[in-house]
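Student: Got a minute to go through this model with me? I'd like to start with the sheets.

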Amino acid sequence: MSNLIVLGAQWGDEGKGKVVDLLADRFDVVARYQGGHNAGHTIYIGEQKFVLKLIPGGILRPNTEVVIGNGVVIDLAALIEEIEKLEESGIDVRNRLRVSNRAHVIFPFHRLIEKMSEARENRIPIGTTSRGIGPCYEDKTGRRGIRVADLMDAENFRMLYDILAADKQILAATFHLDEPVNYAEIREKTEEYAQRIRPLVCDTAAFLHEAMARGKRILFEGAQGTMLDIDHGTYPFVTSSSAAAGGACTGTGVPPTKIDGIAGVSKAYITRVGSGPFPSESKDAAGDLLRREGNEFGAVTGRPRRCGWFDVPLLRYTAMVNGFDTLVITKLDVLDHLEQIPVCIGYRLCGKELKEMPATYRELEAIQPIYKALPGWLAPTRGISRFEDLPSAARDYLRFLEESTGVEIGGVSIGPERNETIIRTGTKLQRLI
Ligand code: IMP
């Protein structure tokens, strides 16, 4: 038995979807542990493009079962739409997807509240995906949220819903939010959706434990990335869930003692969507080139991603809080045309070199990155299937990242297709999958 967590080592969009899809056929179950439909995984299989938001990447592998864990927040309309789209493409979802009865439900008024709080004067705008994620998690930690299990009992749901709706109306009136909300209609729709997802709902922690008892292997899929984690990220410019590795346990009910390995996914450079500090951001033509070559536009919102250079102190920090055993470096091919590749190797603040990641966004914004320029390889990497066959400057670049971050590079992705990934022989990654 070997259970593996795969998660983002930067600010999300590292290419986890592709990595999870690639590894999924070696695991029996893929479980999502946090976030909601703010995540967007784009997976290319031949001519077909799939964008998964809530359903784990394993769904595209016919023998893999998938779980939406208790740490996820679910917009039922989005979930049903995603199931229908996949089924239209001939993928069997209903017999392979299980939804946690303890996951919290996002309602349309959560989106509205988010809009309101983002627009409030004197508030730091986070640049969220506007999916109602934060307000839903607020209700969860405020102990007034509604969980999937509550929907299964109509009377209980009505009682809880009416209390929550009354709360939201007070909030809307207090903040002079004039957008009309039809609370009765939302309740009715939710009841209808609840009936549709009922066959998928179960105690997913019990399901996962039973699977493990039968010797099944589980892959835990993180959404967003460590720097967007509510505790360890660039607060307050973060998402509202535990995206770091610890979230895999709280978000599924599988204890840390059952985790055998942790794989971080990182781009060969770095991107960020939304606002917030970004020490190695490249705001010039080089950043535009990365955006163009890497097609760096959000999978969910279509927003252009901010682009910059690989950040060693950031990766060392995310390796520390997650305990990465191995790294998969994605989009190496995007750097194929660069003569020189800057890498951020240190942070300076007020003239002093930093040893630790600053906790406040103001300090993070004031950081002066220290760069080292590495030679590019000016040769195509797509189509290469062995690490040894990569251009020597590309291997040197990867070895530099490996040595400076202290984490082995177990895999390298050099194109969007499933087969465009190199798993290095003799690595921990190879042993864990
Ligand atoms: P929220 O998750 O919608 O609350 O947004 C909070 C922050 O996380 C914003 O900066 C978003 O752009 C960012 N974010 C949320 N989900 C993703 C993702 O899947 N990839 C990259 N950034 C994300």
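Tutor: Sure, we'll take the sheets, then one helix, the cores and some backbone oddities. Keep in mind that this is a predicted model.

Student: What is the strand order in the open sheet of 10 strands?

Tutor: The order is S9-S7-S5-S2-S10-S1-S11-S14-S18-S19, and the pairing is mixed. S9 and strand S19 (421-423) are the edge strands, and each pairs on one side only.

Student: In which sense do S11 and S14 pair, and over how many bridges?

Tutor: Parallel, over 5 bridges. S11 covers residues 261-267 and S14 covers residues 326-330. Ala263 has Thr326 in S14 as its bridge partner.

Student: Which strands of the sheet does H8 touch?

Tutor: H8 touches S2, S5, S7, S9 and S10. The direction of H8 makes about 145° with that of S5.

Student: Let's stay on H8. Which of its residues are buried?

Tutor: H8 spans residues 204-213, and its buried residues are Thr204, Phe207, Leu208, Ala211 and Met212.

Student: Why do they line one face of the helix?

Tutor: Look down the axis of H8: the buried residues fall within an arc of 135°, so they line one face. Those buried residues pack against strands S2 (29-32), S5 (65-68), S7 (97-100), S9 (201-202) and S10 (218-221).

Student: What caps the N-terminal end of H8?

Tutor: Asp203 does. One of its side-chain oxygens lies 3.1 Å from the backbone nitrogen of Ala205. After the helix comes Gly215, with a positive phi near 80°.

Student: Switching to the cores. Which residues touch the most other members in the largest nonpolar core?

Tutor: Ile74, Leu79 and Leu97, in a core of 56 residues. Helix H2 (residues 76-88) gives the largest share of this core, 6 residues.

Student: What does Leu97 touch, leaving out residues up to four places away in sequence?

Tutor: Leu97 touches Ile55, Val66, Ile68, Leu79, Ile83 and Leu200. There is also a second, separate core of 53 residues, and among its members are Tyr33, Trp309, Val343 and Val412.

Student: Back to sheets for a second. What's the order in the open sheet of 3 strands?

Tutor: S16-S15-S17, with antiparallel pairing. S16 (352-353) and S17 (368-375) each have a single partner strand, so one side of each has no neighbour in the sheet. Strand S15 (residues 340-349) pairs with S16 over 2 bridges. Arg348 has Glu353 in S16 as its bridge partner.

Student: Which helix lies across S15 and S17?

Tutor: H13, residues 392-405, running at about 15° to S15.

Student: Now the backbone. Where is the cis peptide bond you'd point out?

Tutor: Between Tyr235 and Pro236, with omega about 5°. Pro236 sits in the loop between S10 and helix H9 (246-250).

Student: And why flag that, or a positive phi?

Tutor: Because most peptide bonds are trans, and most residues other than glycine have a negative phi. Ser130 is not a glycine, yet its phi is positive, about 60°. Arg143, also not a glycine, has a positive phi of about 60°.

Student: Where are Ser130 and Arg143 placed?

Tutor: Ser130 is in the loop between helix H3 (108-119) and helix H4 (133-141). Arg143 is in the loop between H4 and helix H5 (148-151).

Student: Buried or exposed, starting with Arg143?

Tutor: Arg143 is exposed, at 78% relative accessibility. Ser130 is at 42%, so it counts as partly exposed.

Methods. Residues are numbered from 1 along each chain as its sequence is written. This is a predicted model: local features need pLDDT of at least 70, side-chain atom pairs count only at pLDDT 80 or more; totals for chains, interfaces and linings use all residues. Side-chain values use heavy atoms; hydrogens and water are left out. A nonpolar core is a set of buried Ala, Val, Leu, Ile, Met, Phe, Trp, Tyr and Cys residues joined through side-chain atoms within 4.5 Å. Buried means under 20% relative accessible area, exposed over 50%, partly exposed in between (1.4 Å probe, protein chains only). Helices (H or I, at least four residues) and strands (E, at least two) are DSSP runs, numbered from the N terminus. Contact means heavy atoms within 4.5 Å. Two strands pair if DSSP finds at least two bridges between them. Axes are lines fitted to C-alpha atoms, for helices over the stretch in contact, and angles run from 0 to 180 degrees between N-to-C directions. The arc is that of the directions from the helix axis to the C-beta atoms. A polar contact is a pair of N or O atoms within 3.5 Å; within protein, one must be able to donate a hydrogen and the other to accept it, and residues adjacent in sequence count only if both atoms are side-chain atoms.
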